[in-house]
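Open the model in your viewer and keep the selection panel at hand. The tour goes from one selection to the next.

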Amino acid sequence: MNHDSNEFLIAGNWKMNGSSTLFQSFLAAFDKNIDGVNILICPPFTLLGMTNAGVFSLGAQNVSADNNGAFTGEVSATMLSDSGCEYVIVGHSERREYQSEGNQLIAKKLRKSLDAGLKPILCVGESEETRERGLLVEFLTEQLAEALKGLSADDLNKVIVAYEPIWAIGTGKAASVDQVREVHLFIRNYLRELNEKVGQTMPILYGGSVKPSNASELFDIDDVNGALVGGASLEPQTFKEICLKASEKR
Ligand code: PEP
């Protein structure tokens with residue numbers, strides 16, 4: 001997908017779940033393309049590199065900030081690219097929290113991903129406390145500014161932003177339509193200030209308890225160009241229903 005594309009991007013983040021058997025059941029359930037939807041699966045590293053991923057684009061959930069060398073357990077951007085993977089999630093809130101990833105490290109990961117020809121999905125989003133203290137805009141501005149610092153228009157043209165309020169992830173309670181509309185508009189305006197043309201077309205995904213029952217109302221919102229789906233991406237029929245809801249909006 002490039003930024004001029006009119007498609008929805010529906011990305012499934014499997015986190016540390018899944019197996020080759022689960023992937024096979026996805027291949028069986030998604031036997032043909034879904035109109036107007038780019039369906040992306042981000043499985044664990046062990047499931048990347050499949051020669052026949054069917055209708056799915058593949059993405060990783062993390063990438064090293066280094067090129068190669070003595071970094072036991074790490075996987076570099078060029079390795080991901082070499083495995084046939086096209087996308088990579090960068091800065092997911094679980095990594096920010098459990099692996100203490102900060103904005104500077106995330107910026108390096110973005111740089112490496114872009115250099116290797118990957119399309120990074122930059123996750124941003126606030127905690128409940130940050131929102132309650134009225135610091136939402138300040139917090140998101142810092143996350144975006146530090147991660148995107150120094151990127152050229154060409155670079156930005158490959159970046160995707162995912163707004164994922166931490167309080168909505170895995171809780172079953174998605175952000176409201178008004179909350180999503182307000183934040184996506186803020187992000188859109190921020191991106192347009194960085195670069196009017198690229199900022200206008202950069203996909204902005206919403207993530208946080210997306211499921212078939214709320215997908216339609218979310219996909220109706222201006223500046224929601226797709227979704228990053230966690231829990232509901234682990235069951236083929238549920239994930240397919242979300243993709244079909246996106247297709248109906250095209
Ligand atoms: C996520 O972890 O990126 C996510 C959005 O999870 P969930 O859909 O389960 O809230």
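What volume does the largest pocket have? About 420 Å³, in this predicted model. To find the largest pocket, select Lys15, Met16, Gln61, Asn62 and Arg95, which lie nearest its centre among the 17 residues of the lining. Colour the lining by residue class: 7 are nonpolar, 6 polar and 4 charged. Next, select helix H3, residues 93-98. With 3 residues, H3 gives the most to this lining.

Keep H3 selected and move to the second largest pocket, which holds about 330 Å³ of space. Its lining has 19 residues, and those closest to the centre are Ser93, Arg96, Glu97, Gly125 and Ile166. Add strand E5 (119-124) and helix H6 (136-148) to the selection; along with H3, these are the elements that give two or more residues to the lining. H3 again gives the most, here 5 residues. By class, the lining of the second largest pocket divides into 6 nonpolar, 7 polar and 6 charged residues.

Now leave the pockets and select helix H1, residues 20-29. Which residues of H1 are buried? They are Leu22, Phe23, Phe26 and Ala29. Look down the axis of H1: the buried residues fall within an arc of 120°, so they line one face of the helix. Turn to the face away from the buried side, and the exposed residues Thr21 and Ala28 come into view. Finally, show what covers the buried residues of H1: strand E2 (37-42), strand E3 (57-60) and helix H11 (236-248) are among the elements there.

Notes: Residues numbered from 1 in each chain as written. Predicted model: local features only at pLDDT ≥ 70, side-chain atom pairs only at ≥ 80, totals over all residues. Heavy atoms only, no water. Buried < 20%, exposed > 50% of the residue type's maximum accessible area, 1.4 Å probe, protein only. Helix = DSSP H or I, 4+ residues; strand = E, 2+ residues; numbered from the N terminus. Arc of directions from axis to C-beta. Contact = heavy atoms within 4.5 Å. 1 Å grid on protein atoms, 1.4 Å probe; cavity = no way out; pocket = protein on both sides within 12 Å on 5 of 7 lines; lining within 4 Å. Points joined across faces, edges and corners; volume = space filled by probe spheres on them. Nonpolar A, V, L, I, M, F, W, Y, C, P; charged D, E, K, R; others polar.
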